[in-house]
Amino acid sequence: MKKILLTIIAIVSLNTAFSQIESAFDTGEWFRFEMSYSGWMKAGEATLTVNESTYKNKPVYHVVGKGWTTGAVSWFFAVKDRYESYFDKKLNVPYKFIRDIDEGGHTKNIEIEFDQNNHKAHVNNIKHNKKKTFDTKPNIQDMVSTFYYLRNNLDIENLKINDEVEVNMFFDEENYGFKLRYLGTEIINTNFGKVNTLKFRPYVMAGRVFKEEESLTLWVSNDKNRIPLRIKADLAVGSLRADLDAFKGLKHPFNIIVNN
């Protein structure tokens, strides 16, 4: 469950194929997702909120992502996660990332400061009182800023089916090449009506949690918002699905084909 929540908050969220000029989001945007296990049992909720702030005198977006288990799932595996990212409003590169989690008693409290000029990540493991510095790739992203970077820069007009896009991401103490494959468009039924979507296949690590490398599917609205509408994960046992349940503060009109 902890890796699923991490993936959902992270994704939902790539270098040479991006050129959207107008921003897909702005301050005040808020999403809430409802997660279910194997299509019937409610498993948890997650939210993403875009705030406005400053970081070392630079105007930034301060995005807060939260995830928690609910119902019967929380009885045997309680999760309460919080992720924060401070990223530049114009350059869309992160300056600070916070990961504060409690997953069935497994806790982490990590803060990362990014030196984008010198390509460094300064990691402060607050729980263990340890600090380390790592080299990073230019314009490195964190797991939250990656999602917003993609929304602003994905050039769907020049993206062909099965094209792969990639972004350099730093997570905990590791550089990671986050990659996903474009699967085309699809009209799906949502809580708000039928919506034309862009469909992607993010690559994940196959093993104990995911059945295989291509076990995750993501649907985002095919409009200027690039709203994450659905994420489905095929697990080693069962499946997990996250659906957008509520939203507010969209920058652009939400294109709905048929209202429910």
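**Exercise 1. The turn between β2 and β3**

Task: Find which residue takes a positive phi in the hairpin of β2 and β3.

Solution. Step 1: The hairpin has 2 residues between the strands. Step 2: Of these strands, β2 covers residues 41-55 and β3 covers residues 58-69. Step 3: Lysine 56 takes the positive phi, near 50 degrees.

Strands here are DSSP runs of E with at least two residues, and helices are runs of H or I with at least four, numbered from the N terminus. This is a predicted model, where local features need pLDDT of at least 70, side-chain atom pairs count only at pLDDT 80 or more, and totals for chains, interfaces and linings use all residues. Residues are numbered from 1 along each chain as its sequence is written, and side-chain values use heavy atoms, with hydrogens and water left out.

**Exercise 2. Pairing of the strands**

Task: State how β2 pairs with β1 and with β3.

Solution. Step 1: Two strands pair if DSSP finds at least two bridges between them. Step 2: β1 (residues 30-37) and β2 are antiparallel, with 8 bridges. Methionine 35 has glycine 44 in β2 as its bridge partner. Step 3: β2 and β3 also run antiparallel, joined by 12 bridges. Here tyrosine 55 has lysine 58 in β3 as its bridge partner.

**Exercise 3. An aromatic pair**

Task: Describe the pair of phenylalanine 25 and tyrosine 148, and say which parts the pair ties together.

Solution. Step 1: Rings of Phe, Tyr and Trp (its six-membered ring) pair if their centres lie within 6.5 Å; planes under 30 degrees apart are stacked, over 60 edge-to-face, and the rest tilted. Step 2: The structure holds 16 aromatic pairs. In one of them, phenylalanine 25 and tyrosine 148 sit 4.9 Å centre to centre, with 70 degrees between the planes, so the pair is edge-to-face. Step 3: Phenylalanine 25 lies in the loop between α1 (2-10) and β1, and tyrosine 148 in helix α3 (residues 145-153), so the pair ties together parts 123 residues apart in sequence. Step 4: Buried means under 20% relative accessible area, exposed over 50%, partly exposed in between (1.4 Å probe, protein chains only). Phenylalanine 25 is at 0%, so this residue is buried. Tyrosine 148, also at 0%, is buried too. Step 5: Ring pairs link both residues with Tyr61, Phe87 and Phe147 into a cluster.

**Exercise 4. A charge over a ring**

Task: Find the ring that lysine 248 lies over.

Solution. Step 1: The test needs NZ of Lys or CZ of Arg within 6 Å of the ring centre and within 35 degrees of the ring normal. Step 2: Lysine 248 lies over the face of tryptophan 30, at 5.5 Å from the ring centre.
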